[in-house]
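Me: I've just opened this one up and could use a hand getting my bearings. Shall we go through it together?

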Amino acid sequence: MTTNAPRYNAVALDVDSTLCGIEGIDWLATLRDESVAVRVAKATDLAMSGEHAIEDLYGERMHIVAPTRDEMALLSDAYRAAMSPHAKDEIAKWRGAGVEIVLISGGLRAAICPVALELGFESRQVNALDVEFDAEGVFSDFDKSSPLYTATGKRKLLEKLGLPRPLLAVGDGVTDLAMKEVADSFAAYTGFVTREAVTAKADFIVSSFEQLTQIILGD
């Protein structure tokens, strides 16, 4: 690790297809029949590539899949299994250098938070969507007061967080790219998926967490 001051004092990191190599809602859809999985995956791709506003699709995807409370634990396991190589070690290096790191995700907090805590994040550093379940433990609704299910939600939330500067935002989709308007720099993460609409406007293009460390710490 470098003994110099980090190049960035804070990092806003996406989860789905960045920290972990799955899209949570798509993974949950695979627990249903094939037609549901295909329909949801197609909607996710349209939203992440910027071809369709995510707020028009988020609720539709959630109600189609109707995940259960018990399936949140299964999704947590899937996140663990799909963790980006060396992410845990590299994040520890950033934190050790005094970098403040937050997760900003349009995914489901109930599934993301257990994995994030294992990576050393505090609960307050995990920004994701809360969901509600009915008496039978089946999805009933999500927190519509959160901006995270909208196309510009991550940007709006990042602005409110008031993180130290310089600030680097990292992600794979257009909702992540929106954070560039608030952050000092944006890195498109291509370790799992490459979206031309995102890479074309990124300050950096990286495919590994080791490369992120080089940018953040100057190693």
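Me: What radius of gyration does the chain have, next to that of a compact globule with 219 residues?
Reply: Keep in mind that this is a predicted model. For 219 residues, a compact globule would come out near 17 Å. The chain agrees with that, as its own radius of gyration is 17 Å.

Me: What does the C-alpha trace span along its principal axes?
Reply: Here we leave the radius and turn to the axes. The trace of the chain spans about 55 × 35 × 30 Å.

Me: How many helices and strands are there in the chain?
Reply: Both kinds turn up here. The count is 10 helices and 8 strands.

Me: What percentage of the residues count as buried?
Reply: A residue counts as buried when its relative accessible area is under 20%. Across the 219 residues of the chain, the share that passes is 53%.

Me: Is Cys 20 buried or exposed?
Reply: The cut-off for buried is under 20% relative accessible area. Cys 20 has just 1% relative accessibility, so it counts as buried.

Me: Why is there no bond between the sulfur of Cys 113 and the closest cysteine sulfur?
Reply: A disulfide is a covalent bond joining the sulfur atoms of two cysteines. To count as one, the pair of sulfur atoms must be within 2.5 Å. For Cys 113 the closest cysteine sulfur belongs to Cys 20, and that is too far for a bond because the distance is 13 Å.

Me: How many disulfides does a search of the whole structure find?
Reply: Cys 20 is in no disulfide. For the whole structure, the search comes back with 0.

Note on methods:
Residues numbered from 1 in each chain as written. Predicted model: local features only at pLDDT ≥ 70, side-chain atom pairs only at ≥ 80, totals over all residues. Heavy atoms only, no water. Helix = DSSP H or I, 4+ residues; strand = E, 2+ residues; numbered from the N terminus. Rg over C-alpha atoms; globule rule 2.2 N^0.38 Å. Buried < 20%, exposed > 50% of the residue type's maximum accessible area, 1.4 Å probe, protein only.
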